[in-house]
Structures are given as C-alpha cells and as structure tokens.
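Please walk through this structure with me. Keep the sequence and the 3D view side by side.

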Amino acid sequence: MSDSNIIPKWLSVGVIPLLNLLLAFCVSGLFIFFIGENPFKAISVMIKGAFYYPGAIGYTLYYTTNFIFTGLAVALAFHARLFNIGGEGQAYIGGLGVGLTCLIFDQYLAGFLVTILAILGSVIFGAVWGIIPGYLQAKRGSHIVITTIMFNFIAAALMVYLLVNVIIEPGQMSPETRDFASGVGLVQIHMLAKYLGLNMAMSPLNLSFGIALIVSVGFWFLVWRTKFGYEVRSLGHSETAAIYAGIKVSYTIIIVMAISGGLAGLVAINELLGVHNKLLLGFTAGYGFTGIAVALMGRNHPFGIFLASLLFGALYQGGTELDFEFSSITREMVLLIQGLIILFSGALAYMLNPLVENIYIKYYGNYNNA
Amino acid sequence: MMTNKNRSGNDATVSLPASTRLAIELRDITKRFGHVIANSDVNLRVESGSIHGIVGENGAGKSTLMNILFGLYKPDSGMILLNDKPVEVNSPEKSIALGIGMVHQHFMLVPTFTVLENVMLGNEGSMLLKSGEESVLNRLKSLSKNYGLDVDFEALISDIPVGMQQRVEILKALNRGAKVLILDEPTGVLTPQETIGLFDILRSLKEQGVTIVLITHKLKEIMSITDTVSVMRGGKVVADFATRKTSPEELAENMVGRKVLLSIKKPASKIGKSILEVKNVSHQSKDGVNVLKDISFNLKEGEILGIAGVAGNGQSELLDILSGIETLQKGQMTINDKTISSHQEWNSKKAREFGIAHVPEDRHKRGLVLPFHNYENSILGYHRNDEYSSGFLMDKRKILNFVNELIQNFDVRPRSPLINSGKLSGGNQQKLVLAREIESNPKILLVGQPTRGVDIGAIERIYEDLMKLKSNGTAILLVSVELDEIMSLSDRIIVMNQGTIVGETNSSDATELDIGKMMSGLEQV
C-alpha cells in the first residue's frame with residue numbers, strides 16, 4: 001500500500017486511523033440513537049463488556065488471538081502483493097489438521113505430544129490449502145483472489161461432508177467429532193493462574209495467545225530481517241525488479257502462500273485445542289474474512305495488526321455484552337457496528353487523507369516537491 | 001529582446017522594443033513547498049511565435065514553473081501575463097481555455113482508444129458521439145495537413161510508435177485551440193529520426209504563429225531549435241540567452257554552476273583477450289515475433305563495445321538474454337571460457353555468478369525497487385552474498401556500512417542510506433545502480449541507456465566511472481539510443497536493425513552519418 005509522501009508518518013499511521021475509527025463510532029452512535037437507545041450508554045456498556053467485567057479481558061484477548069493469526073496471514077501475502085482472501089478456508093482446513101491428528105494419535109501418545117503434533121497439523125493443513133491457489137497463480141496465472149474465494153467454498157463443503165458423514169461421533173445428531181482425549185489441548189490462562197495460586201475469572205483465553213505473540217515477532221523478523229523477507233518485499237513492490245535481481249518469482253509466491261495459509265490455519269489451535277476440545281462445524285465464524293480488515297488497518301505490520309486485532313477482539317466481546325444488555329440492540333446491530341468499522345478503516349481507509357493533507361499543508365506546509 | 005547578460009532575478013523591468021509582443025510573461029513568480037523554495041522570483045518572457053527553451057538540471061524548478069503556468073500549482077506570489085494581459089490560471093481547464101497546451105513527458109493517452117477517441121476525450125461535444133466525431137475528424141484533418149502532423153486517426157494508441165503518440169498529444173492540444181504549447185522533455189522517449197520529425201513539426205507550428213516552450217536538458221536540442229533560452233538553477237532563472245549567441249559549454253556552465261567537460265577523455269587501456277562470445281543467438285518474443293536473428297559478436301577485456309540502433313530493434317532483448325532476465329532460446333554464449341547453450345539453466349542469479357553485472361535500461365522498473373530505502377537497493381541482486389548476511393538473516397549493519405561507502409565513493413545525493421530511492425533524482429538513482437553493479441567487481445558490465453533522464457553533472461560522473469572500469473580491464477557492453485554517447489565512449493560499434501547486426505565499425509573511423517544509415521537499415525556494411 002502506498003503511503004502518501006506528503007504527510008509525515010505519525011499522521012498517516014497514527015492520526016488518520018484514529019479519525020476513521022472515530023467516524024465509524026459516530027455513525028454507529030447515530031444508528032443506536034435512531035433505534036431509541038442512548039449511544040453513550042451503549043458505548044460504556046461495550047467498553048465495560050470488553051475490558052471491565054470479570055473475564056471480559058480474557059474473552060477479548062481470546063478473540064484477539066484469532067484476528068492476529070488471520071491478520072498476519074493476509075499481511076504476509078500482501079507483502080508479496082498477493083491478495084489472500086482464503087484465510088477462512090485455510091483456517092477451516094487447519095482445523096481438519098488438528099482434528100485428524102488428535103483423533104488418530106490421542107489414544108496412543110501422551111497429551112502434550114499430541115498437542116504439538118496437532119499444532120503442526122493445523123499449520124501444514126492450512127499451508128496446503130494456501131499452496132494450491134499459490135501454485136495456480138504462480139504457474140498457471142489463475143488469479144489468487146478468485147481461487148482463494150473458491151477454496152473457501154470447497155473447504156466449507158468438504159468439512160460439512162466429513163463432519164456429517166465420516167468423522168462425526170457415532171450415535172449423535174450434531175456434526176461434531178468426539179472429544180479429544182483429556183490431556184490434549186492448550187491450557188487456558190485462568191487454569192494456569194490457579195496453579196500459580198492466582199484467582200482469575202474464567203475465560204476461553206489460552207496459550208494460543210502467547211503463541212500468537214511469538215508468531216508476530218517471528219513475522220516481523222521474517223519480513224524485515226531475512227533474505228526471504230527481502231525477496232518477498234522486492235517482489236511485492238516490483239516484480240520486474242525482482243526478476244532482475246534473480247529472485248524466483250513462482251517459488252516465492254508458492255512459499256508465501258504456504259506460510260500465509262499456515263498462519264491462518266493456527267486459528268484452529270485457539271478454537272479447537274484451546275476451547276472446544278473437538279472438531280466442529282463452522283468454528284471459523286468469519287475470522288478469516290475479518291483478518292483482511294485487520295491487516296489493512298494494521299498496515300501489514302505485526303504491531304499494527306496486534307492493535308487492530310485488539311480492537312476487533314474488544315468489538316466482538318463488547319458487542320456480545322451489548323446484545324445481552326439492551327433488548328433493542330440485537331446481534332445484527334453489533335454486526336452493523338463491526339461492518340461500519342471495517343468500512344471506514346478498511347474500504348475507506350484513505351478517504352480522509354486529502355482532507356488531512358490539506359489541513360497539514362495549510363498549517364505546517366512542510367513538504368518537499370521541488 | 002532577450003539580453004545576453006546574467007541577471008540576478010529581480011529586474012522585472014528590462015525594457016523591450018515596442019514592436020515585440022510577448023505571448024507569456026511571468027513576473028516574480030515564487031513558489032514554496034514548506035521550507036523548500038521551488039521557484040524564487042522567477043521572471044520569464046517568451047516572445048509570441050518563438051521557440052523558447054528552458055534548460056536546467058533535475059530539480060532546478062523547470063517543471064514547477066511550467067505547472068504553475070499550466071494551472072496545476074498556484075504561485076505564492078508573482079504575476080502571469082498572457083499577451084500582455086494579467087491572468088489568473090488556477091486550473092488546467094482555465095489554462096486550456098486561455099490557449100495554453102501542455103505535452104507531458106509521460107503521455108496522457110488511453111492505450112485502448114483510437115487516436116480520434118483520444119483527441120476527443122474531454123471534448124466530446126453532444127450526448128451522442130457521432131456528430132462530435134465528425135467535427136473533430138474534420139478539424140484534425142486540416143490541423144494535421146497544416147502542420148505536417150502525420151497520424152492515422154483510426155489506429156489504436158497501443159499500436160502506434162511513441163513518436164506518433166507524441167504527435168497525438170500535440171494534436172490534442174491544438175484541437176483545443178492552443179496558441180502556446182509547452183513540451184516537457186519531449187525527446188526523452190524518441191529515436192533520433194523521430195526527434196528530427198518532431199522538430200520539423202515544431203518549426204512549422206512556429207511558422208503558423210504558435211509559441212513553443214521547450215523544457216529539456218539536452219543542449220544539442222536547445223541549440224538546434226530554439227530562438228531564445230533561459231537557464232534555471234536552484235529555483236531561479238540564472239541566465240537568458242539568444243540561442244545563436246551562446247554555446248553548449250556556456251549553457252552547461254550556467255546549469256551546473258561550474259565548468260563542465262562535455263567531451264570525454266578516453267583512457268588508453270589495454271584491450272585483452274576475448275571474454276564474451278555470443279554465437280548464433282536467436283530469440284522469439286512472447287507474441288511470436290523474431291526479435292533477434294542469428295546474433296554473433298565478441299567482447300574483449302578492457303573494451304567498450306557500443307550497440308547502436310533505433311530503439312526496439314532487438315537491443316533490449318539482447319541485454320535481457322545476456323543478463324539472464326530472458327532464457328537463452330537458441331544459440332550459445334561463452335563467458336570466460338565457460339559455454340552456456342540453450343538447454344542449460346540461465347537466469348539473473350547465474351549471470352551474476354558468471355561475473356556479469358547489469359545496469360538495466362529502465363532503472364525504475366528493474367534497477368531499483370523504488371519504495372525501498374537506498375541501503376536495501378544497494379544490495380538488490382547481491383542480497384544472497386555472504387558479505388551482507390549470515391545464514392538466512394540479513395546483516396543490516398554490514399549493509400549500512402557498505403551503502404555508506406558506496407554513496408560516498410560514487411557521490412549519490414542526498415547521502416542518506418535511509419531515504420526511499422524513489423525520492424532521488426534520476427541522476428542519483430542511476431549513480432546508485434551503477435555503483436552497486438561496479439562494486440560487484442564484474443568481469444563484464446552490461447549498460448543500457450546509462451544517461452537516460454540523467455542531468456549533466458551526473459552524466460559527467462557516470463562516464464568517468466565507466467572509463468575507470470574500462471581501464472581496470474572490465475569488458476563493457478553499452479546499449480544506447482544516443483548516438484553521440486555510443487560514438488564517444490565505445491572502442492568498437494555494432495549496429496542493429498530489426499534483430500540483426502547490420503554493421504560493425506571502429507569508433508575512430510565512423511561518422512554519425514554512416515552509422516545513421518546503417519541504423520535505418522538502408523546500408524549493409
């Protein structure tokens with residue numbers, strides 16, 4: 001994404017996203033006002049719901065974890081100028097990796113070993129689901145946007161088939177596998193706190209959050225400190241220059257999509273190993289798609305992605321609370337607010353730039369265009 | 001008349017003979033961008049019906065000044081007068097309405113539209129296209145006849161050569177009734193023949209009373225076509241001349257602010273053994289056109305071999321194959337006694353391993369990743385080398401040390417490793433690319449259009465660097481559409497036409513005329 005050359009970084013990276021956010025909240029407030037509720041009260045409920053009530057922070061960070069994984073997945077592809085819309089499907093298939101690993105091995109191996117294998121499984125399965133569109137783009141010229149969208153549908157259909165017909169727990173109606181054996185899974189943070197003698201409210205937050213933070217640092221390192229990251233960024237900025245530099249374009253595209261898919265696949269460890277303890281239908285719940293907005297808002301940088309993920313995590317959690325407290329504010333209203341935020345900070349991310357530029361030039365006039 | 005004296009920039013009241021009519025007069029124009037003063041008290045007078053040149057290095061303020069005249073920027077202070085009447089030009093529409101037309105360096109044409117559709121764009125007439133088309137077509141026919149602007153109106157822009165695209169731009173301006181035509185670096189994309197054609201058109205426009213402002217950095221063009229010339233440096237007009245009373249040396253000195261050597265001293269270097277032999281290389285483009293047919297030549301250590309030719313006669317493809325950007329389809333190359341045949345692996349990485357460095361023709365698309373910082377660009381293509389990395393990690397400190405040395409030794413300005421290369425001037429970008437390639441200690445250096453879009457100060461430096469490399473025994477293959485450049489730098493010249501080598505000559509025996517004939521394919525030697 002090209003940043004404006006005119007305004008300094010603190011404005012384009014700091015102030016403008018905040019303004020976008022504010023605008024989204026203002027419009028949301030108008031909607032809440034129109035349905036007859038007090039927008040300020042709603043906001044306060046939302047903030048309390050996301051950060052203040054017992055367990056609220058845990059829930060917020062649990063959602064944040066999913067967004068970090070999918071946001072990073074989209075961002076890495078973006079550095080190679082690939083638009084990976086397939087995070088949803090890659091996360092879903094990552095879940096298949098977790099499910100199969102656990103179902104096959106949990107009778108034979110120790111819990112922590114199965115967990116490690118399952119984490120690898122989520123990455124590898126997600127990667128495969130990224131490699132196929134990557135290969136088709138690199139070698140056959142099929143546009144990655146189209147193929148990754150298609151692969152979301154294929155993943156969804158495949159999972160329904162498998163969960164209804166093949167790996168469903170025998171003798172029951174809901175399309176889920178049996179529970180993974182006890183000892184398999186990632187420890188929830190409130191349990192961990194209890195071992196340490198601390199008292200924490202219950203929440204689904206689990207070790208995946210720590211893994212997400214480590215992966216974020218690794219992402220930064222990969223993109224800005226390694227030869228591979230250099231090649232990826234060269235390719236993303238200028239394919240012709242990349243070829244001139246002897247970078248293998250097809251190979252790089254395929255590897256980037258593999259890593260991107262693997263990152264998305266990690267959503268499954270948070271959901272399945274951290275919370276549900278079984279494979280079930282539709283656990284990805286749109287995290288893959290929201291990841292696009294997260295990456296966009298976070299400017300494809302892991303720190304930005306962390307902040308954007310936190311925002312969306314708080315929205316998800318605060319939104320649930322909103323739904324709960326106000327009879328007239330339904331789940332759909334919460335989706336509307338999320339949609340507005342995605343609209344203003346994603347799709348319309350550059351809407352305010354000309355305005356801010358003009359104001360900046362008028363009062364500070366410090367740009368160079370000789 | 002224009003006076004031949006240098007002036008300080010503030011004397012807006014130079015008296016003129018009453019008979020002279022001014023088409024354009026700019027008085028004390030100042031334009032600041034923040035702390036940077038792009039134009040400072042600029043005064044410019046262009047006589048009606050004359051061709052006025054504006055020369056200056058990149059960043060001297062030429063483009064800013066013309067953008068002010070064309071209504072793209074608003075000056076902070078100063079006055080614009082057209083035909084002695086003060087006017088306010090606050091938008092391009094206004095400027096077009098006032099009879100000013102501009103032909104930009106990069107054409108503003110829709111490639112998938114026909115010539116006619118492009119000329120009509122923004123000027124379609126009524127709701128239905130038919131009537132507008134007819135009236136525009138009639139007007140175009142008479143315009144093109146009057147001014148000798150030969151264009152096929154039904155052809156698609158993407159199908160016609162660059163020279164003709166430029167004529168379309170000129171027609172577009174004339175169709176809107178332009179009486180003043182501003183041309184920004186019009187010959188940058190043209191072949192010598194096309195340049196001659198353009199100048200004929202400009203002369204006939206002048207005869208019909210059109211006033212022309214020509215922005216360029218090529219002094220030869222200024223000398224050959226303009227009546228008067230203004231030199232800009234550091235945002236100011238530092239000198240005005242009547243063209244016939246000045247010389248390229250004087251202009252160059254005013255542009256750069258010091259004496260400049262326009263001729264090159266060729267060092268006496270030992271020409272050694274043959275290091276590159278190209279044998280029977282042919283190449284077919286993706287569209288199935290045979291762009292290279294049976295090319296064979298050799299290149300020796302310490303030699304500069306120039307490849308002359310009108311752009312698009314296979315020189316670019318030859319460079320691409322030698323540098324590994326394209327695969328070798330047919331034929332073979334022997335580099336330093338190692339032979340590469342068509343079925344062997346050949347790519348840019350491999351070429352670098354063979355000691356081939358490449359300064360590509362298009363530094364924006366190939367030579368640099370523009371959004372990268374200078375330090376990142378300083379290792380592009382060499383980023384795998386152990387000097388800059390340990391294992392799979394890049395060593396930023398080592399790279400920074402390297403780039404600091406590089407920009408110091410090769411005088412890349414500004415001397416900052418952390419600035420985006422896209423923000424450097426053309427000359428400094430080219431110096432950065434050349435520096436990187438020279439620092440790799442190549443056995444063979446491929447150079448494409450080394451001075452395209454590069455200012456005089458930098459050209460001097462680039463030639464010096466090439467000569468230094470040559471005297472160290474590096475073999476240099478030089479591709480350029482500037483015949484002067486080829487003739488003054490090369491030891492030996494081969495000429496290409498339609499994908500074949502049509503002639504070879506020693507640069508000392510050749511005349512521009514001979515080579516020109518070979519380039520046009522009229523004469524085989």
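The text below takes up a helix, then a pocket, then a pair of domains.

This is a predicted model. Start in chain A with helix α6, residues 144-166. How far apart should the ends of its 23 residues be? At 1.5 Å a residue, the expected span is 33 Å. The end C-alpha atoms of α6 lie 30 Å apart, which agrees.

Now turn to the side of α6(A) that is hidden. Its buried residues begin with A:I144, A:T147 and A:T148. A:F151, A:N152 and A:A155 are buried as well. So are A:M159, A:L162 and A:L163. These buried residues pack against four helices of chain A: α4 (87-105), α5 (111-140), α11 (249-265) and α13 (287-297).

Two of those partners, α5 and α11, also help to line the second largest pocket. α9 (227-237) and α10 (239-244) of chain A join them, and each of the four helices supplies at least two lining residues. Which helix gives the most? It is α11(A), with three residues. The pocket has a volume of about 770 Å³. Its lining counts 26 residues. Nearest the centre lie A:E239, A:I243, A:I247, A:V249 and A:S250. By character, the lining has twelve nonpolar, nine polar and five charged residues.

Move on to chain B. It is divided into two parts: domain 1 (22-110 + 162-256) and domain 2 (283-519). Their C-alpha centres are 33 Å apart. How many residues of each domain are in contact with the other? Domain 1 of chain B contributes 13 and domain 2 of chain B contributes 17.

Notes. Residues are numbered from 1 along each chain as its sequence is written. Chains are lettered from A and ligands numbered from 1 in the order in which they are written. This is a predicted model: local features need pLDDT of at least 70, side-chain atom pairs count only at pLDDT 80 or more; totals for chains, interfaces and linings use all residues. Side-chain values use heavy atoms; hydrogens and water are left out. The expected span of a helix is 1.5 Å times one less than its number of residues. Buried means under 20% relative accessible area, exposed over 50%, partly exposed in between (1.4 Å probe, protein chains only). Contact means heavy atoms within 4.5 Å. On a 1 Å grid over the protein atoms alone, a cavity is a set of points where a 1.4 Å probe fits but cannot get out, and a pocket is an open set with protein on both sides within 12 Å along at least five of seven lines; lining residues have an atom within 4 Å of a point. Grid points are joined across faces, edges and corners, and a volume is the space filled by probe spheres set on the points. Ala, Val, Leu, Ile, Met, Phe, Trp, Tyr, Cys and Pro count as nonpolar, Asp, Glu, Lys and Arg as charged, and the others, Gly among them, as polar. Domain bounds come from an automatic or database domain assignment.
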